[in-house]
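User: I would like a close look at a single part of this structure, presented as one connected account.

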Amino acid sequence: MHPPKKIKVALTGGIGTGKTYISKQFLDMGIPVFYADEEAKKLYNSEKVLAFFTENYGNSFFTETRLDFSKLATYIFENPENRKQIEDFIHPLVMQQFEDWSSQQTSNIVMLESAIIFEAKLEKFFDKIFVVDAPLDVRIKRIKNRDLTISEDEIMQRIHSQLSQEEKCKRADLVILNSFDYCY
């Protein structure tokens, strides 16, 4: 007899919608959550990824021997082609980590939290996609509260670099409205 199929759920939504807050509610219900951004950041320190950047960009994104994420973010957000080139390398690595992690979980349901499920065309990896939504003013307030150095122009640039919330909600299997001011 085969074990039941593991249900894979993506939790997504634009920056500042409160994905992490909502994901913790799922954790409290016993559903393990894989945080794609955190795992991607770990990958950025791996030999494979450092070699990719050195081979393709020289020392452009390095401060001494470490990747400088502010230089990288500027490069990624200034041009969609720049972003695509790096994401085409990183996303398969993150998804392989998710698959490996998922197979080790004992729960029949697992969740991956990421802002860019649709943008990265990762829908095929999931049985269900939940979108967290919040009003724009609440999102801006949340982003400012967690990063005091970011300007409103930079916030809007990041928001507009992602698929619109309206489109994400249309594509969702479930939309979770998270409009409370206290949710980060």
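At what angle do H3 and H5 pack, and how far apart are their axes? Please also describe the surroundings of H3.

Analyst: The model is predicted. In this model, H3 and H5 pack at an angle of about 165°, and their axes lie 12 Å apart. An angle over 145 degrees counts as roughly antiparallel, so H3 is roughly antiparallel to H5. The handedness of the crossing between H3 and H5 is right-handed.

The residues that form this contact can be listed for each helix. H3 contributes Lys 48, Val 49, Phe 52, Phe 53 and Tyr 57, which meet Gln 85, Ile 86, Phe 89, Ile 90 and Leu 93 of H5. Sorted by class, the contact of H3 with H5 comprises 8 nonpolar residues, 1 polar residue and 1 charged residue.

H3 itself spans residues 47–57, and its buried residues are Val 49, Phe 52, Phe 53 and Tyr 57. These buried residues lie on the same side of H3 because they cover an arc of only 90° around the axis. The face turned away from that buried side carries the exposed residues Glu 47, Lys 48 and Glu 55. Lys 48 thus belongs to the exposed set on that face, and Lys 48 is also listed among the H3 residues that meet H5.

The partners of the buried side include further elements besides H5. The buried residues of H3 pack against helix H2 (36–43), strand E3 (62–63), strand E4 (66–67), helix H4 (69–78) and helix H5 (80–104). After H3 comes Gly 58, which has a positive phi near 65°.

One of these partners, helix H2, contains Lys 42. Lys 42 is exposed, with a relative accessible area of 52%. The C-alpha atom of Lys 42 is separated by 23 Å from that of Phe 126, a residue 84 positions away along the chain.

Another helix pair may be set beside this one. Helix H6 (residues 136–146) and helix H7 (residues 152–161) pack at an angle of about 120°, with 11 Å between their axes. H6 and H7 are therefore oblique to each other, and their crossing is right-handed. From H6, the contact involves Leu 136, Arg 139, Ile 140, Ile 143 and Lys 144, while H7 supplies Glu 152, Ile 155, Met 156 and Ile 159. By class, the contact of H6 with H7 has 6 nonpolar residues, 3 charged residues and no polar residues.

Definitions and conventions. Residues are numbered from 1 along each chain as its sequence is written. This is a predicted model: local features need pLDDT of at least 70, side-chain atom pairs count only at pLDDT 80 or more; totals for chains, interfaces and linings use all residues. Side-chain values use heavy atoms; hydrogens and water are left out. Buried means under 20% relative accessible area, exposed over 50%, partly exposed in between (1.4 Å probe, protein chains only). Helices (H or I, at least four residues) and strands (E, at least two) are DSSP runs, numbered from the N terminus. The arc is that of the directions from the helix axis to the C-beta atoms. Contact means heavy atoms within 4.5 Å. Axes are lines fitted to C-alpha atoms, for helices over the stretch in contact, and angles run from 0 to 180 degrees between N-to-C directions. Angles under 35 degrees count as roughly parallel, over 145 as roughly antiparallel, 65 to 115 as roughly perpendicular and the rest as oblique. A crossing is left-handed if the near helix is turned anticlockwise from the far one by less than a right angle, and right-handed if clockwise. Ala, Val, Leu, Ile, Met, Phe, Trp, Tyr, Cys and Pro count as nonpolar, Asp, Glu, Lys and Arg as charged, and the others, Gly among them, as polar.
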